[in-house]
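Please work through the exercises below with the sequence and the model in view, trying each task before reading its solution.

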Amino acid sequence: MTQGISILMYHQVGPFRHLTAPMKAHRSTYCRVDRFADQMAWLHRFDYRVLSMDEVLACVRGERPVPARAVALTFDDGYESFHEHAWPILQRYGFPAMVYLVAGMLGESSSWFARDGRDTPPLMSAARIRQLRREGCDFGAHSMTHVRLAEQSAARMRAEVGDSKARLEDVLGERVQHFCYPYGSHDARTVDAVSAAGYACAATCVRATATPADDPLTLPRKAVSHGDSLLGVLWKLHMKNEAKTPSIRRAAFRPTG
Ligand SMILES: [Zn+2]
């Protein structure tokens with residue numbers, strides 16, 4: 001395996017036996033809970049090193065070596081179903097997990113799905129988030145209202161990025177230094193806004209392994225899709241290491257590796 005970290009990207013984890021037509025168009029955002037359980041059991045059984053995103057950041061910065069078989073687990077949007085389905089399995093193995101929250105919509109529904117005819121499942125409330133934080137779950141920001149940041153005005157972009165950090169720090173009572181671009185939408189301007197807001201680490205949807213050559217504000221990830229069998233996930237872990245297009249790096253960024 002290349003010395004890199006496979007940051008796996010999940011969205012909804014639940015009993016999705018069959019996908020409806022509008023869901024099928026977004027199959028990479030649904031993971032069957034039975035398959036998720038198999039994937040976690042397998043990471044445990046074969047001694048994968050599941051890192052927290054703080055540990056990933058330290059590796060990317062060159063502050064600690066990238067361990068062999070390094071994986072991180074990220075969950076976008078902060079669905080209540082994360083608490084119901086994914087978290088008990090993660091706890092079984094003591095795996096760290098990063099959930100990126102839509103900070104302006106806590107306790108509401110994921111209403112941005114309505115326009116493509118999908119269900120709009122509930123998002124975790126502030127109380128639920130605080131409960132999971134006490135149980136060891138990590139949280140980062142995913143904007144205020146789940147918009148494509150690269151398409152926003154400078155002022156709206158700053159607000160989406162900066163206000164979500166402030167709101168979550170208020171909810172959690174601690175510093176929030178992780179961000180994730182909704183829809184993976186980012187350009188050089190967006191990355192600068194995330195940097196200016198004070199985040200140390202941000203995740204994209206570019207498919208590759210993360211290494212010390214990456215800018216910590218544009219870390220690539222690998223989506224686990226509804227159709228992925230255990231073998232499919234294995235393939236993604238060990239292959240698909242090089243991005244099709246290079247990640248955006250800040251002008252001032254100098255890789256450590
Ligand atoms: Zn999202």
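**Exercise 1.** Among contacts in the chain between residues at least 6 apart in sequence, what percentage join residues at least 24 apart?

Solution. The model is a predicted one, in which local features need pLDDT of at least 70 and side-chain atom pairs count only at pLDDT 80 or more, while totals for chains, interfaces and linings use all residues. Residues are numbered from 1 along each chain as its sequence is written. Two residues are in contact if their C-beta atoms, placed from the backbone, lie within 7 Å. Of the contacts between residues at least 6 apart in sequence, 67% join residues at least 24 apart.

**Exercise 2.** State how many helices and strands the chain has, and then judge its compactness.

Solution. Counting DSSP runs (helices: H or I, at least four residues; strands: E, at least two; numbered from the N terminus), the chain has eight helices and 10 strands. The radius of gyration, taken over C-alpha atoms, is 17 Å, close to the 18 Å that the globule rule (2.2 Å times the number of residues to the power 0.38) gives for 257 residues, so the chain is as compact as a globular protein of that length.

**Exercise 3.** Describe the surroundings of strand β10 (residues 219-223).

Solution. Begin with burial, where a buried residue has 20 or more other C-beta atoms, placed from the backbone, within 10 Å of its own. Four of the five residues of β10 are buried, so this strand is largely enclosed by the rest of the structure. Turn next to pairing, which requires that DSSP finds at least two bridges between two strands. Strand β1 (residues 5-10) runs parallel to β10 and is joined to it by two bridges, with L8 partnered by K222. Strand β9 (residues 201-207) is likewise parallel to β10, with two bridges, and A203 has L219 as its partner.

Conventions. A residue is buried if 20 or more other C-beta atoms lie within 10 Å of its own, exposed if 12 or fewer, and partly exposed in between; C-beta atoms are placed from the backbone.
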